[in-house]
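Colleague: I would like a close look at a single part of this model, explained slowly enough for a first-year student. Please take one helix and tell me how it sits among its surroundings.

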Amino acid sequence: MKEKVNVTGVPETMVQTLYARAKETRKKNAKINDEIAEELVKNLDYDFSKADKDKAMNYGVIARTIVLDRMVEQYLEKNANTIVINIACGLDVIE
């Protein structure tokens, strides 16, 4: 049974971000891989058509994920004994 999602305004962007990550993961040449986002989206009862229409938001989510992942990876390569605290990360997945 799917979980009904009933959010509006700013909290709704979290669901749309999750959808953008899941949608990218399903692509043949995906730029990111977020299987958890894909699984969550499958289990949500939510009208994702609004997120589908917002191409700029979708591309922005993927671009931001790629850029931030690269920045953190480069920093950690130079600073091996670093502890990373991901504040206000929402649904980010650390791999």
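Modeller: A residue is called buried when its relative accessible area is under 20%, and exposed when that value is over 50%. By this measure, buried residues make up 27% of the 95 residues in the chain. The model is a predicted one, and the chain averages a pLDDT of 89, with 93% of the residues scoring at least 70. Confidence is lowest in helix H3, residues 49-53, where the mean is 88, and highest in strand E2, residues 44-45, where it reaches 94.

Before turning to the helix, it helps to have the whole chain in view. The chain has 4 helices and 2 strands, and read from the N terminus these elements follow the order β-α-α-β-α-α. The C-alpha trace spans about 45 × 25 × 25 Å along its principal axes. Of the contacts between residues at least 6 apart in sequence, 59% join residues at least 24 apart.

The part I have chosen is helix H1, which covers residues 10-25 and packs against helix H4, residues 55-78, at an angle of about 75°, the two axes being 9 Å apart. Because angles of 65 to 115 degrees count as roughly perpendicular, H1 and H4 are roughly perpendicular to each other. On the H1 side, the residues that meet H4 are Gln16, Thr17, Ala20, Arg21, Lys23 and Glu24, while H4 contributes Lys55, Met57, Asn58, Val61, Ile62, Arg64 and Thr65. Sorted by character, the residues of this contact comprise 4 nonpolar, 4 polar and 5 charged.

Gln16 is one of the H1 residues in that contact, and with a relative accessibility of 8% it counts as buried. Leaving aside neighbours within four places in sequence, Gln16 is in contact with Tyr46, Lys50, Ala51 and Met57. As for Glu39, it is 23 residues away from Gln16 in sequence, and the C-alpha atoms of the two are 14 Å apart in space.

Thr25 also lies in H1, and its relative accessibility of 12% means that Thr25, too, counts as buried. The side chain of Thr25 reaches back to the backbone oxygen of Arg21, at 2.8 Å, and Arg21 is itself among the H1 residues that meet H4. When neighbours within four places in sequence are left aside, the contacts of Thr25 are with Ala30, Ile32, Asn33, Asp34, Glu35 and Glu38.

Terms used. Residues numbered from 1 in each chain as written. Predicted model: local features only at pLDDT ≥ 70, side-chain atom pairs only at ≥ 80, totals over all residues. Heavy atoms only, no water. Axes fitted to C-alpha atoms, helices over the stretch in contact; angles between N-to-C directions. Parallel < 35°, antiparallel > 145°, perpendicular 65-115°, else oblique. Contact = heavy atoms within 4.5 Å. Nonpolar A, V, L, I, M, F, W, Y, C, P; charged D, E, K, R; others polar. Buried < 20%, exposed > 50% of the residue type's maximum accessible area, 1.4 Å probe, protein only. Polar contact = N/O pair within 3.5 Å; in protein donor to acceptor, adjacent residues only side chain to side chain. pLDDT = per-residue confidence, 0-100.
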